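Thank you all for making the time this morning. I would like to walk through one model with you, beginning with the overall picture and then turning to a few individual residues.

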Amino acid sequence: MTGSLSNPVHVIGAGLAGSEAAWQVAKAGVPVVLHEMRPTRMTEAHRTDGLAELVCSNSFRSDDAANNAVGLLHAEMRRLGSLIMRAADANQVPAGGALAVDRDGFSAAVTKALNDHPLIEIARGEVAGLPPADWSNVIVATGPLTSAPLAEAIRALTDENALAFFDAIAPIVHRESIDMSVAWFQSRYDKVGPGGNGADYINCPMTKEQYDGFVAALIAGEKTEFKEWETNTPYFDGCLPIEVMAERGPETLRHGPMKPVGLTNPHDPATKAYAIVQLRQDNKLGTLYNIVGFQTKLKYGEQQRIFRTIPGLENAEFARLGGLHRNTFLNSPKLLDNQLRLRAQPRLRFAGQMTGCEGYVESASVGLIAGLYAAAEARGEALVGPPGTTALGALLGHITGGHIETIEPGTRSFQPMNINFGLFPPLATVPTKKPDGTRLRGNEKTVAKKQALSARALADLDRWIADHLRMAAAA
């Protein structure tokens, strides 16, 4: 019996990712030790010693598997026997089309399931530094509030300054929502960067009146406040919020990320733009573009309102909005292999927010696949990862290499991401007609495309489960 293995899998951190990872390992018949430092040592955000404590919202977002990427991820996790989804479903509270939970009941359900499992040992106490050398199969799932000794040990091991800083994130836009009758492709001075072709940016021109109005809106826009534990963490790489740059003088942005030099608008070659907003390709598929230099502390509603005043972005659909907050995550495409193992020390596997995903469900889903990988390794097997056409596979693809390297030298381009349809490979055939044969129009095309992506994902996941997992799909 694999349950008699003398060398268990060690999971460090019993948040959503660690709890899910431990569950998947044990469910596969492999013993696991789940390490949680609370209540011996608390974090700035946690209030209890419960496993999978929700420290922010109690919402798991949309549960619509046919039309929403996170709802699709819910469905995939249920098929894979997720403990987090089981506990969420059992402790649901009314929230319209969203899946929201009673946070205390949810945590209690996860804690009880893990406590009751015969192959799971819960060890209370901090793992201060790298795990002992005789732990040969480890999952690190300590999240954005990783304790200082472990964070420092990881930093030293990876030689990457990628932990415990203010993470500056620019908004990311779905390429198909950009109006290319206004915007155009061109690199500044037609410069060809690594992997580029001299037309690597999408450019959105502004007149002086548009620019002045935009700067005024940035300064007046409502901002989010730093959480208490963030206030003493310095900015990373000197990345300033765009509204802070705007406050330094009305011309600051024109001489920074919005400088108009080296660019000519092919739609109106004789007119020189007063300022230009640039968007840079964000993933290898070319479906997502980030707004260059637009890291921000503006509230989400303000971002959508203000950034849609940019010519060409009036109808922009955002895959994620900008932010600036303390975060702890790895430069995963560089540091992790496709099984989430640290290249510098493969006995360490990472899961959850540390890998570069955002959101409760995303964190738990990466914990789920990390648990499956670790269990397979403990049994001396190799597990083929889920197809990139699935929500789980698309998220893993982003984490382990779906981004592109930045065209310009300096800061790395990889940033944490929620699951969204922009991470999925395009459909081979885009739906054009309804079931009754009439043509799709307007928003119907977008809805049909999402539904086709979801249907493909679930079909491909079912085949993957049947072909690669020694388990029955959960009802």
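**Charged pairs and backbone angles**

Let me begin with a single residue, Glu377, which at 27% relative accessibility counts as partly exposed. Please keep in mind throughout that what you see is a predicted model. We will come back to Glu377 and its partner once the overall picture is in place.

The protein chain has 475 residues, of which 56% are buried, and it contains 12 helices and 17 strands. If we take the contacts with a separation of 6 or more, residues 24 or more positions apart account for 72% of them. The accessible surface comes to about 19,700 Å², and carbon and sulfur atoms contribute 53% of that area.

How many salt bridges does a search of the whole structure find? The search gives 20, and I have picked out three of them to discuss.

In one of these, the side chains of Arg341 and Glu377 meet at 3.3 Å, N to O. This pair links distant parts of the chain, since Arg341 sits in strand β16 and Glu377 in helix α10, which spans residues 360–378, with the two positions 36 residues apart in sequence. Arg341, at 23% relative accessibility, is partly exposed, as is Glu377 at 27%. Through salt bridges that share partners, Asp337, Arg341, Arg349 and Glu377 are joined into one network.

Another of the salt bridges connects Arg38 and Glu53, whose closest N and O atoms are 3.3 Å apart. Both residues lie in the loop between β2 and β3, so the pair ties together parts that are 15 residues apart in sequence. Here both Arg38 and Glu53 are buried.

The remaining example is local: Glu152 and Arg155 form a salt bridge with closest N and O atoms 3.0 Å apart, and both belong to helix α5, residues 148–158, where they are three residues apart, about one turn of the helix. Glu152 is partly exposed, with a relative accessibility of 44%.

I would also like to draw your attention to the backbone at two positions. Arg61, which is not a glycine, has a positive phi near 70°, and this residue lies in strand β3, residues 59–62. Leu340 likewise has a positive phi, of about 70°, without being a glycine, but its place is in the loop between α9 and β16. Is Leu340 buried or exposed? At 0% relative accessibility Leu340 counts as buried, whereas Arg61, at 29%, counts as partly exposed.

Note on methods. Residues are numbered from 1 along each chain as its sequence is written. This is a predicted model: local features need pLDDT of at least 70, side-chain atom pairs count only at pLDDT 80 or more; totals for chains, interfaces and linings use all residues. Side-chain values use heavy atoms; hydrogens and water are left out. Helices (H or I, at least four residues) and strands (E, at least two) are DSSP runs, numbered from the N terminus. Buried means under 20% relative accessible area, exposed over 50%, partly exposed in between (1.4 Å probe, protein chains only). Contact means heavy atoms within 4.5 Å. Accessible areas come from the Shrake-Rupley method with a 1.4 Å probe; for residues, only the protein chains shown count as cover. A salt bridge is a side-chain nitrogen of Lys or Arg within 4 Å of a carboxyl oxygen of Asp or Glu.
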